[in-house]
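Work through the exercises below with the sequence and the 3D view open side by side. Try each task before reading its solution.

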Amino acid sequence: MRQLFFLLFILLSSTNIYAQTGSLKGLVKDAYTNRPIPFVNVIVYESTIGTITDTLGRFELKDVKAGFVRLQLSSIGYQSKVSEELNVSHVRSNYIEITLEAVSENLDEVQITASPYVVKAEAPVSLRRIGIDQIEKSAGANRDISKVLQSFPGVGSASSFRNDLFVRGGGPSENRFFIDGIEIPNLNHFTTQGASGGPVGILNVDFIREVDFYSSAFPVSKGNALSSVFEFKQIDVREDKPHFKGSVGASELSLTTTAPISEKTGMIASVRRSYLQFLFDALGLPFLPTFTDFQFKTRTRIDDKNEIIFLGVGAIDKFKLNRNAEPTEENNYILNYLPVNNQWNYTVGAVYKHYLERSYLSFYISRNHLNNKAYKYQENIEMPENLLTDYSSDEIENKFRVEYTARPNDFTINVGFGTQYVQYFNDTYYKVFEDDQPSVIDYSSELTFVKWSVFGSVSHPFINNRLTFSAGIRLDANSYSAEMNRLWEQFSPRIAASYMLLPDVYLNMNVGRYYQHPAYTTMGYRNSDGELLNKSNGLSYLKSDHWVGGIEYRPNKLTRLTLEGFYKRYDAYPFSVKDSISMASKGGDFGIFGDEEVTSSSKGKAYGVELMIRTRTNNGFSMITAYTYVRSEFTDWQNKYVPSSWDSKHLFTFTGNKALGKNWDIGVKWRYVGGLPYTPYDYDKSSLVQAWDAQNRQYLDYSKFNTQRLASFHQLDLRIDKTWYLKEMTLGFYIDIQNLYNQKSEDAPELIQVLDDNNQPIIINPDAPTEQQRYALKELTTTSGTILPTIGLMIEF
């Protein structure tokens with residue numbers, strides 16, 4: 001042990017004795033013709049290292065300092081560009097392909113300076129680009145992209161141990177995720193079926209080059225979203241020789257490899273395996289999760305006009321109860337109600353691009369499958385008479401989409417259509433207590449239908465590039481029911497504009513309408529007679545209208561300040577018949593979302609203002625300061641607006657990173673979240689023996705829905721990184737400390753049973769009729785949040 005500490009001391013105090021530079025090769029192409037662009041100036045951003053592309057558009061930069069860099073590109077007839085962050089390694093070849101857009105020779109009165117912050121004509125507001133440097137070294141995130149997103153304005157969260165995203169007051173079921181244009185319905189392990197949250201992200205960040213996060217102004221090709229769209233773009237794969245990267249993170253081990261398959265094809269693949277079950281067992285927690293995931297991508301450059309990408313991502317999630325956990329009141333309570341939940345899912349797809357003259361065609365085909373199983377027995381004794389819940393379902397989507405993208409005469413055009421074949425299977429059994437008596441919900445559901453969509457958008461600069469205007473439409477329909485099968489009833493228009501008021505000041509706006517179909521669990525819900533109950537209730541698409549306006553100030557090339565106001569109006573939102581509340585407030589917990597009777601009758605609104613200051617300096621400092629004031633309200637059974645479960649009011653985040661000398665980095669994140677509303681429990685109903693035995697936990701008093709509010713929460717995270725560039729290896733080490741000052745967050749109070757000396761629940765009136773008997777219950781008040789230090793190790797060779 002003494003030798004181990006001595007070795008660690010030597011590593012931490014040593015200086016690097018090997019070269020810390022690498023070479024960076026790349027190709028610069030026209031964004032619409034795919035033709036190589038010769039004689040492009042390529043410079044490492046904010047440095048004197050540069051070169052020029054050859055007649056085939058290729059370039060090589062030598063002696064580039066290892067680590068994160070950007071490239072600045074300029075060429076006559078093309079818009080100048082600053083690339084996303086690149087992670088240059090000295091032990092492998094580094095390769096990137098960059099596209100430039102041609103500009104009109106007539107538009108020379110106003111010159112737009114290249115900026116490291118992304119600007120798109122169709123989304124002048126509500127678009128943030130997240131680079132790999134922020135993902136890799138964000139404090140408190142442990143290389144989990146969902147946690148990185150919490151640094152940006154408008155993004156709320158309910159707890160530190162889940163990745164649910166509440167964007168501008170919308171629920172966790174309103175987000176959509178795409179990777180290289182292929183939709184991935186499940187972004188997290190142990191995902192909440194019908195929503196999107198979970199405790200740990202699926203994606204391996206070694207694959208990610210950048211992320212575009214839209215909180216409004218969604219691209220017309222990306223449908224079925226009401227609150228946000230995320231576009232993950234993966235790294236280019238073209239390696240001269242195989243290389244490997246191994247990582248030990250906060251919860252998992254991973255191995256990533258990049259290798260050539262042929263002269264025209266490269267591959268990157270990874271597998272990860274968690275060790276959470278050992279940590280949770282050591283901590284005495286009442287549940288033991290285990291996950292495995294995989295990811296791969298191949299890219300084949302057939303010729304200058306054709307290329308194809310194959311990709312896949314999937315996960316296997318296992319879960320068991322820890323009956324040997326410390327027998328505290330809280331652990332016993334969790335063991336009594338928590339079901340065993342096992343899942344697996346995958347997405348596989350292909351992207352084919354064919355380039356024409358000043359335009360290209362993109363074809364997307366994919367398949368995704370989620371299998372979800374859960375069961376629960378009374379007192380966890382697995383006997384048939386003790387069965388409380390037995391749930392099994394499959395969601396399968398087969399998708400095809402075609403897009404045509406062109407740029408004639410400074411018009412940018414994108415048109416296309418898509419179709420999906422959906423299969424949903426469900427076997428459900430669970431005991432409930434409804435209408436003052438115990439009953440059983442027992443049904444099987446099989447559902448198949450087709451979805452289709454058409455879309456198009458066009459944008460164009462005016463007044464010598466001072467004004468940019470964009471307009472688009474999208475139409476969606478499906479064969480589920482008469483309420484959903486007419487395209488024109490899901491007509492989604494949208495417009496956006498950006499005007500340069502002063503050389504560094506822009507006025508931006510967007511107005512749009514968006515539709516989303518209900519969760520498959522809702523569409524496939526049946527009663528005991530086998531009737532599709534929600535179809536009979538006239539279930540329809542959810543609708544949301546967005547109005548966004550703002551001002552942007554760019555005082556220099558490295559700083560961006562934005563102020564945006566937003567208003568979202570919801571209509572035809574599912575309304576829970578059982579609980580008499582909007583489904584907009586559900587979906588932020590483990591399990592299944594949407595498997596109940598609803599009507600499309602709820603309305604809602606979310607509104608607020610966002611301020612973001614984002615900057616970086618030449619000496620390695622970067623910062624994001626974001627404040628959001630947001631209100632989120634939906635109608636109740638009396639058609640009155642009440643706060644939704646995501647009505648946090650105030651969100652503030654400061655995220656800072658600084659590159660120190662000798663390859664040390666430090667990062668901090670301080671986050672403040674206003675207290676969320678909650679619903680108090682119904683003691684009278686909960687204490688009934690038959691009611692409690694149906695679900696082994698308290699019932700909420702929905703007549704007082706969200707009338708209480710938790711205290712606000714704040715947390716400081718700290719991360720320290722150290723990188724060693726050895727002769728044949730890169731070694732990275734980090735310490736990440738979440739909740740550095742041990743702040744406790746208040747949880748909603750819950751009820752637990754009072755036990756006798758034999759550890760059995762006490763019935764206060766055992767001589768009463770069965771339907772009147774009641775348990776003795778008491779309130780359990782808990783907090784969450786603790787100092788959580790983790791150590792990570794990354795080895796690349």
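## Exercise 1: A proline in a loop

P38 is found in the loop that runs between β1 (21–30) and β2 (41–44). The model in view is a predicted one.

Task: Decide whether P38 is buried, partly exposed or exposed, and establish which residues P38 touches beyond those up to four places away in sequence.

Solution. Begin with the accessibility: buried means under 20% relative accessible area and exposed means over 50%. P38 has a relative accessibility of 29%, and therefore counts as partly exposed. Next, turn to the contacts, where, leaving out residues up to four places away in sequence, P38 touches T53, D54, T55 and S75. Finally, take T53 from that list: P38 and T53 are 15 residues apart in sequence, while their C-alpha atoms are 5.3 Å apart in space.

## Exercise 2: The order of strands in an open sheet

Task: Work out in which order the four strands of the open sheet are arranged, and which strands stand at its edges.

Solution. The order of the four strands is β3-β2-β6-β7, and their pairing is antiparallel. The edges are held by β3 (50–52) and β7 (81–82), each of which has a single partner strand, so one side of each is left without a neighbour in the sheet. To check one of these pairings in detail, look at β2 and β3, which run antiparallel and are joined by three bridges. Within this pairing, V42 has T51 in β3 as its bridge partner.

## Exercise 3: A strand covered on both faces

Task: Determine how many residues of strand β10 (residues 127–131) are buried, and find the strand with which β10 pairs over five bridges.

Solution. Counting along β10 shows that five of its five residues are buried. In a regular strand the side chains alternate between the two faces of the sheet. Sorting the residues of β10 by side places L127, R129 and G131 on one and R128 and I130 on the other, and both faces are covered. The pairing partner is β17, which is joined to β10 in the antiparallel sense over five bridges; here L127 has Y214 of β17 as its bridge partner.

## Exercise 4: The largest nonpolar core

Task: Identify which members of the largest nonpolar core touch the most other members, and which element supplies the largest share of this core.

Solution. The core has 32 residues, and those touching the most other members are I130, I135, L203, V211, F230 and F232. The elements that each supply at least two residues are α2 (132–137), α3 (145–148), β13 (175–179), β17 (208–214), β18 (228–234) and β23 (306–321). Among these, β23 gives the largest share, which is four residues. For a closer view, select V211: apart from neighbours within four places in sequence, V211 is in contact with R128, R129, I130, I135, I145, F230, E231 and F232. A second core, separate from this one, has 20 residues, including F280, F319, L335 and L338. In soluble globular proteins, nonpolar side chains tend to be buried together.

## Exercise 5: Buried salt bridges

Task: For the salt bridge between E610 and R128, explain which parts of the chain the pair ties together, and then examine two further pairs, R209 with E210 and D647 with R631.

Solution. The structure holds 57 salt bridges in total. In the one between the side chains of E610 and R128, the N to O distance is 3.3 Å. Because E610 lies in strand β34 and R128 in strand β10, this pair ties together parts that are 482 residues apart in sequence. Both E610 and R128 are buried.

R209 and E210 also form a salt bridge, with 4.0 Å between the closest N and O atoms, and both residues are buried. For D647 and R631, the side chains meet at 2.9 Å, N to O. D647 is placed in the loop between β36 (641–643) and β37 (649–659) and R631 in strand β35 (residues 621–635), so this pair ties together parts that are 16 residues apart in sequence. D647 and R631 are both buried.

Definitions and conventions
Residues are numbered from 1 along each chain as its sequence is written. This is a predicted model: local features need pLDDT of at least 70, side-chain atom pairs count only at pLDDT 80 or more; totals for chains, interfaces and linings use all residues. Side-chain values use heavy atoms; hydrogens and water are left out. A nonpolar core is a set of buried Ala, Val, Leu, Ile, Met, Phe, Trp, Tyr and Cys residues joined through side-chain atoms within 4.5 Å. Buried means under 20% relative accessible area, exposed over 50%, partly exposed in between (1.4 Å probe, protein chains only). Contact means heavy atoms within 4.5 Å. Two strands pair if DSSP finds at least two bridges between them.
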